[in-house]
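Colleague: I should like to examine the reasoning behind the surface and helix descriptions of this model. Please set each term against its criterion.

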Amino acid sequence: MNTLMSIVSKGNNFLWSFLLLVLLCGTGIYYTIRLKFIQVRKFREGCRIVFGHFSLKGGKNANGEMSPFQSIATAIAAQVGTGNLAGAATALIGGGPGAIFWMWVSAFFGMATIYAEAVLAQNYKTEVNGEVTGGPVYYIKAAFKGTFGKVLAALFAVFIVLALGFMGNMVQSNSIGAAFSEVFGYFNINVPPVAVGIVLAAFAAFIFLGGTDRLAAVVEKLVPIMAGVYIVGSIVLILMHITAVPAAFAQIFTAAFNPQAVLGAGAGITVREAIRYGVARGLFSNEAGMGSTPHAHARAKAKTPHEQGLCAMISVFIDTFIILNLTVFSILTTGAMSSGKDGTALTQAAFMDSFGAFGLVFVAVCLLFFAFSTILSWHFFGMVNAKYLFGEKAEKVYSLIVVICIVIGSTLKVALVWDLADFFNGLMVIPNILALLALSGLVVRQAKSHEKK
């Protein structure tokens with residue numbers, strides 16, 4: 001196990017210390033400039049489109065398509081998960097409060113990147129065996145013709161199956177298991193984490209069997225409810241410690257450029273570490289540039305690719321600038337970082353500070369719904385690529401492996417699970433970003449064309 005952790009750690013150092021920081025932030029800056037800060041100019045219009053399609057009615061759609069709100073709910077379900085509760089906490093521990101500043105920066109520019117992803121997903125969506133589908137594998141092949149494009153698309157498909165379908169869902173179940181272990185331990189109830197994993201896997205399998213229609217019907221109801229409950233609870237907590245908010249902001253901005261001034265030299269955290277953890281955890285949370293959410297945007301019955309792109313931008317804003325920030329300020333304003341805990345347990349410690357045992361249970365329940373909705377979406381994203389690689393026959397085998405990963409993930413150590421997720425997330429970014437850069441002309445033309453109309 002130690003050998004595996006060493007190998008994965010070296011791989012992450014190579015990917016996240018320079019290469020992916022440049023690719024992700026550079027692409028976001030590039031699109032922001034070429035699209036003339038579309039995330040600012042069109043923010044209001046994006047909100048109007050997203051909330052104008054709000055619905056909890058569900059219902060079936062022809063050819064595997066989703067309503068605009070269902071596609072956004074599926075994307076947000078993938079984005080708003082463990083990364084918003086446990087991921088924010090691990091970023092604070094690994095990179096200090098300064099990591100949050102770099103998370104904000106990457107998310108701001110990521111809004112332009114994810115606009116491009118959604119536009120391309122709509123442009124290159126197709127129909128396979130009577131079902132509408134799409135995603136990076138299709139626009140990667142459009143960007144790079146011939147054998148190179150096919151190989152790059154296949155690599156992306158393999159990476160996303162491993163990153164989200166298998167390793168990513170292990171992270172989700174691991175965090176749920178850890179959260180409920182804290183609850184059971186507090187009340188002296190002996191329930192092993194694997195039991196939580198088995199129950200979670202059973203519910204997931206039931207929804208997997210229902211296909212895209214059941215997934216869309218579940219997430220469009222689950223996402224607004226779970227987000228609303230957590231937002232209200234977090235705001236109440238922060239208001240109870242409102243006088244500590246200015247100091248929390250000061251910690252974030254100071255530590256972004258001088259971690260020692262906040263944490264002390266003994267902490268060993270540098271600006272480089274703050275940037276690395278901020279961008280890595282930000283990516284795990286909002287998924288901008290990663291190539292995951294385009295699978296949901298491709299299935300939307302959108303009026304134009306441009307409108308779907310604006311919806312995608314708002315999903316990043318909701319994920320990072322609202323929900324993730326609520327976790328961050330809950331931890332910083334309560335002083336929970338001194339608790340010595342990490343991951344989900346750190347977030348629970350923040351809520352226990354003000355709400356006692358209720359706070360412990362509240363975070364566990366919120367995380368259950370957050371992470372479970374992410375499991376559903378990531379299973380779907382991975383399945384699209386498994387079918388791309390191996391055809392329809394791969395669906396049941398792939399789903400079975402995901403169910404097994406959910407059970408296994410609930411029993412593993414936090415550090416190993418997160419490191420594996422970071423590693424495979426990093427690998428899938430590379431082919432996706434290359435295609436985004438190659439097709440930037442098309443994205444810009446569509447944005448300009450829509451604005452002229």
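The exchange below concerns a predicted model and takes up its surface patches and one helix.

Colleague: Why is Arg34 called partly exposed?

Modeller: Arg34 has a relative accessible area of 33%. Buried means under 20% and exposed means over 50%, with partly exposed in between, so Arg34, at 33%, is partly exposed. Arg34 belongs to helix α1, residues 2-34.

Colleague: What makes Arg34 eligible for a surface patch, and which residues form the positive one with Arg34?

Modeller: A patch residue needs over 30% relative accessible area and no salt bridge. The 33% of Arg34 therefore satisfies the area criterion. The positive patch consists of Arg34, Lys36, Arg445, Lys448 and Lys452. Helix α20, residues 440-452, contributes the most to this patch, namely three residues.

Colleague: How do you know that the span of α20 is close to the expected one?

Modeller: Helix α20 has 13 residues and reaches 18 Å from its first C-alpha to its last. The expected span is 1.5 Å times one less than the number of residues, which gives 18 Å for α20. Within α20, the buried residues are Ser440, Leu442, Val443, Val444 and Ala447.

Colleague: Why is Tyr186 called partly exposed, and which patch includes Tyr186?

Modeller: The relative accessible area of Tyr186 is 43%. Because partly exposed lies between 20% and 50%, Tyr186 is partly exposed. Tyr186, in helix α8 (residues 146-186), joins Phe187, Ile189, Val361, Val365 and Phe369 in a nonpolar surface patch with about 500 Å² of accessible area together. Helix α17, residues 357-390, supplies the largest share of that patch, three residues.

Technical notes: Residues are numbered from 1 along each chain as its sequence is written. This is a predicted model: local features need pLDDT of at least 70, side-chain atom pairs count only at pLDDT 80 or more; totals for chains, interfaces and linings use all residues. Side-chain values use heavy atoms; hydrogens and water are left out. Patches are made of residues with over 30% relative accessible area and no salt bridge: like charges are joined within 9 Å, nonpolar side chains (Val, Leu, Ile, Met, Phe, Trp, Tyr) within 5 Å. Accessible areas come from the Shrake-Rupley method with a 1.4 Å probe; for residues, only the protein chains shown count as cover. A salt bridge is a side-chain nitrogen of Lys or Arg within 4 Å of a carboxyl oxygen of Asp or Glu. Lys and Arg count as positive and Asp and Glu as negative; His and the chain ends are not counted. The place of a charge is taken as NZ of Lys, CZ of Arg, CG of Asp or CD of Glu. Helices (H or I, at least four residues) and strands (E, at least two) are DSSP runs, numbered from the N terminus. Buried means under 20% relative accessible area, exposed over 50%, partly exposed in between (1.4 Å probe, protein chains only).
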